[in-house]
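Opening the notebook on this one. I'm jotting things down in the order I looked them up.

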Amino acid sequence: MTFREISSDVVDDVILVDDASADDTLEVAKKLGIFAVAHRENKGYGGNQKTCYRVALARGADIVIMLHPDYQYSPKLLLPMASLLCSGLFDVVLGSRILGISALAGGMPLHKYIANRALTFVQNIFLGHKLSEYHTGYRAFTRSVIEALPLERNSDDFVFDNQMLSQAIYKGFRVGEISCPARYFPEASSINFRRSVIYGLGVLKTSISFRLASLGFERGTIFEGLLRKTS
């Protein structure tokens, strides 16, 4: 369903990275004619993305949009997200579940909504930024952003998303948001409570590291060597 909603009038190339899954993902991708790359061993959520971005750049992408294949996010937003990047006004675009009323209406569990709002509040303070959320999985980047960020320093786990976004903000890239309805259903991917706690702690660590790096204590952080934009 996800692939069928991707318009060929908008998207030039579709890349799928299979993270050593035990199902028939690669067979389905082959039948659909999707370019696929397979990991021999599971590299984790962040590790999977690192491969995605490397392959996308190697295949000549100027704009890269990460779309989860479980149909939680609508491919119909690919065009407006790409358009915002092509306008030259933004370098990163997020599909926010929090803008509007789509999060709870779409079935986001209440405890996840509360945690999302709390972490976003804290992170806006530490990063000196203002976003409606930092935790959506629907993200678009220009080529220059991906090339500029030291992604290999980041975690191979779920906090990778947050680290990458924080690095982009630290670097001075412009971040835009659009309202994004999200679907929550049994087949959609989701992390359990224990992994959610680990993710939350990782977000807090990233936020503190950002603040320390901003104060000149960047050594040993994921922000080390990233020249901040001063104007």
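**Loop residues with odd phi.** I started with Tyr71, in the loop between S3 and helix H3 (78–86). This is a predicted model, so everything here is computed. Tyr71 is not a glycine, yet its phi is positive, about 70°. Buried or exposed? I get a relative accessible area of 16% for Tyr71, so I file it as buried, the cut-off being under 20%.

Ala20 turned up in the same search: it also isn't a glycine, and its phi is positive at about 55°. I find Ala20 in the loop between strand S1 (15–18) and helix H1 (25–32). Its relative accessible area is 30%, which makes Ala20 partly exposed.

**The sheet.** Next I traced the strands. Four of them, in the order S3-S5-S4-S6, make an open sheet with mixed pairing. Which strands stand at the edges? They are S3 (63–66) and S6 (175–179); each has a single partner strand, so one side of each has no neighbour in the sheet. Direction ignored, neighbouring strands here are turned by 15° against each other on average.

I zoomed in on S3 and its pairing with strand S5 (residues 139–142): antiparallel, over 4 bridges. Within that pair, Ile63 sits opposite Thr142 of S5.

**Helix H2.** I checked the span of H2 (residues 44–58). Its 15 residues reach 21 Å from first C-alpha to last, close to the 21 Å expected at 1.5 Å a residue. How many of its residues are buried? I count 12 of the 15, so H2 goes down as mostly covered. The buried ones include Gly44, Gly46, Gly47, Lys50, Cys52 and Tyr53. Arg54 of H2 is partly exposed, at 46% relative accessible area.

**Salt bridges.** The structure has 8 of them, and I looked at three.

- Arg54 meets Glu152 at 2.6 Å, N to O. Arg54 is in H2 and Glu152 in the loop between helix H6 (143–148) and helix H7 (160–171), so this pair ties together parts 98 residues apart in sequence. Glu152 is exposed, with a relative accessible area of 53%.
- Arg59 pairs with Asp13, their closest N and O atoms 2.7 Å apart. This pair links distant parts of the chain, with Arg59 in the loop between H2 and S3 and Asp13 in the segment before S1, 46 residues apart. Arg59 is partly exposed at 40% relative accessible area, and Asp13 is also partly exposed, at 34%.
- Arg174 and Asp91 meet at 3.0 Å, N to O. Here too distant parts are linked: Arg174 is in the loop between H7 and S6, Asp91 in the loop between H3 and strand S4 (92–96), and their positions lie 83 residues apart in the count. Arg174 is partly exposed at 36% relative accessibility, whereas Asp91 is buried at 10%.

**Surface around H8.** Then I went looking for nonpolar side chains on the outside. Phe193, Val197, Leu201 and Leu204 form a nonpolar surface patch, with about 400 Å² of accessible area together. I picked out Leu201, which lies in helix H8 (residues 193–214). At 55% relative accessibility, Leu201 counts as exposed. A reminder to myself on spacing: an α-helix has 3.6 residues a turn, so residues three or four places apart point the same way.

Last stop was Gly220, in the segment after H8. Gly220 counts as exposed, at 71% relative accessibility. I also took its C-alpha distance to Arg97: 33 Å in space, with the two 123 residues apart in sequence.

Conventions. Residues numbered from 1 in each chain as written. Predicted model: local features only at pLDDT ≥ 70, side-chain atom pairs only at ≥ 80, totals over all residues. Heavy atoms only, no water. Patch = residues over 30% accessible without salt bridge, like charges linked within 9 Å, V, L, I, M, F, W, Y side chains within 5 Å. Areas by Shrake-Rupley, 256 points an atom, 1.4 Å probe, with all protein chains shown as cover. Salt bridge = Lys/Arg side-chain N within 4 Å of Asp/Glu carboxyl O. Helix = DSSP H or I, 4+ residues; strand = E, 2+ residues; numbered from the N terminus. Buried < 20%, exposed > 50% of the residue type's maximum accessible area, 1.4 Å probe, protein only. Pairing = 2+ DSSP bridges. Axes fitted to C-alpha atoms, helices over the stretch in contact; angles between N-to-C directions. Expected span 1.5 Å × (residues − 1).
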